[in-house]
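Here are my notes for you to read with the model open on your screen. Take the points one at a time and find each residue as you go.

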Amino acid sequence: MSDRKVIHLHKDGEDCYFGSLSAIYSVFTKEDIGIGYGALRNYGVTPEHPYSNNKVTIKEGVLISAKTERRKKA
């Protein structure tokens, strides 16, 4: 199973979590964030390379979940 990424956005003392960079723009505007989607995508947010300006900090991380041992139905 591949790692699932999560995008962490910190703005005005609050934290929000998204499944993709584009999902940020379903809640916030370019003006809220201080950068457009295309520019943010081109910036290349990674765990080692977060994006930060005077409005937000955006980091990428890995979602960790418990491994389950589900049985297949017979």
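The points below go from the sheet to its hairpins, then to the side chains.

1. Before anything else, keep in mind that this is a predicted model. So treat every distance and angle below as a value computed from that prediction.

2. Start with the sheet. Four strands make it up, it is open, and the order across it is 2-1-4-3, with antiparallel pairing. Strand 2 and strand 3 sit at the edges with a single partner strand each, so one side of each has no neighbour in the sheet. As background, strands in a sheet pair through backbone hydrogen bonds, and the pairing can be parallel or antiparallel.

3. Now look at strand 1, residues 4–11. On one side, 5 bridges join strand 1 to strand 2, residues 14–18, and the two run antiparallel. To see the register, find Ile 7, which stands opposite Phe 18 in strand 2. Strand 1 also pairs with strand 4, residues 56–63, in the antiparallel sense over 8 bridges. Two landmarks help you here: Arg 4 is opposite Leu 63 in strand 4, and Lys 11 is opposite Val 56 in strand 4.

4. Next, the other edge. Strand 3 covers residues 51–52 and pairs with strand 4 through 2 bridges, again in the antiparallel sense. Ser 52 is the residue to click on, since Thr 57 in strand 4 stands opposite it. These two strands form a hairpin with 3 residues between them.

5. Strand 1 and strand 2 make a hairpin too, with 2 residues between them. Have a look at Asp 12, in the loop between these strands. Asp 12 has a positive phi of about 50° although it is not a glycine. Why point that out? Most residues other than glycine have a negative phi.

6. Stay at that turn for a moment. How many salt bridges does a search of the whole structure find? The search turns up 1. Lys 11 forms a salt bridge with Asp 12, and their closest N and O atoms are 3.3 Å apart. Are the two partners buried or exposed? Lys 11 has a relative accessible area of 16%, so it counts as buried, whereas Asp 12, at 65%, is exposed. If the labels puzzle you, the cut-offs are under 20% for buried and over 50% for exposed.

7. On to the rings. The whole structure has 3 aromatic pairs. In one of them, Phe 18 and Phe 28 have ring centres 6.4 Å apart and planes at 70°, so this pair is edge-to-face. Phe 18 belongs to strand 2, while Phe 28 is in the loop between helix 1 (21–24) and helix 2 (30–33), so the pair ties together parts 10 residues apart in sequence. Phe 18 is buried, with 10% relative accessibility, and Phe 28 is buried as well, with a relative accessible area of 15%. Another pair is Tyr 25 with Tyr 37: the ring centres are 6.0 Å apart and the planes are at 75°, so this pair is also edge-to-face. It links distant parts of the chain, with Tyr 25 in the loop between helix 1 and helix 2 and Tyr 37 in helix 3 (residues 37–43), 12 residues apart. Tyr 37 is partly exposed, at 33% relative accessible area.

8. Go back to Phe 18 and check what surrounds it. Leaving out residues up to four places away in sequence, Phe 18 touches Val 6, Ile 7, Leu 9, Ala 23, Ile 24, Val 27 and Phe 28. Phe 18 and His 8 are 10 residues apart in sequence, and their C-alpha atoms are 6.6 Å apart in space.

9. Last, the nonpolar core. The largest one has 13 residues, and those touching the most other members are Leu 9, Leu 21, Ile 24, Ile 33, Leu 40, Tyr 51 and Ile 58. Strand 1, helix 1 and strand 4 each supply at least two residues of this core. Pick Leu 21 as an example: beyond residues up to four places away in sequence, it touches Ile 7, Tyr 37, Leu 40, Arg 41, Val 45 and Ile 58. As a general rule, nonpolar side chains in soluble globular proteins tend to be buried together.

Terms used: Residues numbered from 1 in each chain as written. Predicted model: local features only at pLDDT ≥ 70, side-chain atom pairs only at ≥ 80, totals over all residues. Heavy atoms only, no water. Pairing = 2+ DSSP bridges. Salt bridge = Lys/Arg side-chain N within 4 Å of Asp/Glu carboxyl O. Buried < 20%, exposed > 50% of the residue type's maximum accessible area, 1.4 Å probe, protein only. Phe/Tyr/Trp six-rings, centres within 6.5 Å; stacked < 30°, edge-to-face > 60°. Contact = heavy atoms within 4.5 Å. Core = buried A, V, L, I, M, F, W, Y, C linked by side-chain atoms within 4.5 Å.
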